[in-house]
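Please open the model in your viewer and keep the selection panel to hand, since this tour moves from one selection to the next.

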Amino acid sequence: MKTAVITGASSGLGREFVRQFYSVFPEIERVWLIARRTDRLQELAEQLEEKGISTLTLPLDLCDTMSFTAYQEHLVEEQPEIALLVNNAGISYVGLLTDMTIKDFDRTMKSNIYSVFNSCNRVVPYMVRAHKGHIINVSSVWGCCGASCEVAYSASKGAVNSFSKALGKELAPSGIAVNAIAFGAVDTTMNGHLSPDERQMLEDEIPAGRMATPQEAAEFICRI
């Protein structure tokens, strides 16, 4: 049974991707939905089940080592044929470097890059066995050019970009594609901290004059 694994599935971009992917990946018969919010995962699972897609909801905090142990246990138990892995889980930290604690920095890095490593580390052997698969890591334009007051977030997404390039070279001989998508500003709860004036200033810098919607970003992922 061909399986897709989607992290950060309960809100924002991940949630919209879950709603759209089955029309682009008709071969997927089962979906693992991973996020911290159990209620939202269950709601998404019910929507997919109505469309005939089998689901497994895993309410895991990808910053937590124990969560990855549970992740591994499910893989060992099910032995799935994983055709698609989308690493979307992540958080942001907005503030001056001098106001940031090592705990803040550590959590951001764990959420945004350690989670990608751990997820790939566990899933890749199943793709190598099948000699095919596709990994999509959701990144950010700040990982390419950096953003003031988002040092940890920018560093973590820069790491995602480099990680993806290197892993892509490593897995290409095994027929596995690896892509990172460095989105610009997407109108999700992650940007909910912006004041009206800050939001307007950001949108004034965007050629389209507005942020992308989660639906538009999800549609783009589906085209990769």
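The stops below begin with the sheet, go on to the helices and end at a single side chain.

Before selecting anything, bear in mind that this is a predicted model.

**The sheet.** Select the strands first and follow them in the order β3-β2-β1-β4-β5-β6, in which 6 strands form an open sheet with parallel pairing. The edges are β3, at residues 54–59, and β6, at residues 176–183, each of which pairs on one side only. If you look along the sheet, the twist from one strand to the next averages 15°.

**The β5 and β6 pair.** Now restrict the selection to β5, residues 133–140, and β6, which run parallel and are joined by 8 bridges. For one place at which to examine this pairing, choose valine 138, whose bridge partner in β6 is isoleucine 181.

**From the sheet to α4.** Add α4, which packs on the sheet and touches β1 (2–7), β4 (81–87), β5 and β6. With β4 also shown, compare directions: that of α4 makes about 160° with that of β4.

**α4 against α6.** Keep α4 and bring in α6, residues 151–171; the two helices pack at an angle of about 15°, with their axes 8 Å apart. At that angle α4 is therefore roughly parallel to α6, and the crossing in which α4 passes α6 is right-handed. Displaying side chains on the α4 side brings up, among others, Phe105, Met109, Ile113, Phe117 and Val124, while the residues they and their neighbours meet in α6 include Ala152, Tyr153, Val160, Phe163 and Leu167. Taken by type, the residues of this contact between α4 and α6 divide into 15 nonpolar, 3 polar and 1 charged.

**A stop at serine 156.** Is serine 156, in helix α6, buried or exposed? Its relative accessible area is 0%, so serine 156 is buried, the cut-off for that word being under 20%. Leaving aside residues up to four places away in sequence, serine 156 touches Thr108, Met109, Asn112 and Ile113.

**α4 against α3.** Finally, select α3 (residues 65–78) together with α4 (residues 102–130), which pack at an angle of about 15° with their axes 11 Å apart. These two helices are therefore roughly parallel to each other, and their crossing is right-handed. In this contact, Phe68, Tyr71, Gln72, Leu75 and Val76 of α3 meet Ser115, Asn118, Ser119, Arg122, Val123 and Tyr126 of α4. The residues of the contact of α3 with α4 divide into 6 nonpolar, 4 polar and 1 charged.

Conventions:
Residues numbered from 1 in each chain as written. Predicted model: local features only at pLDDT ≥ 70, side-chain atom pairs only at ≥ 80, totals over all residues. Heavy atoms only, no water. Axes fitted to C-alpha atoms, helices over the stretch in contact; angles between N-to-C directions. Helix = DSSP H or I, 4+ residues; strand = E, 2+ residues; numbered from the N terminus. Parallel < 35°, antiparallel > 145°, perpendicular 65-115°, else oblique. Left-handed = near helix turned anticlockwise from the far one by under 90°. Contact = heavy atoms within 4.5 Å. Nonpolar A, V, L, I, M, F, W, Y, C, P; charged D, E, K, R; others polar. Buried < 20%, exposed > 50% of the residue type's maximum accessible area, 1.4 Å probe, protein only. Pairing = 2+ DSSP bridges.
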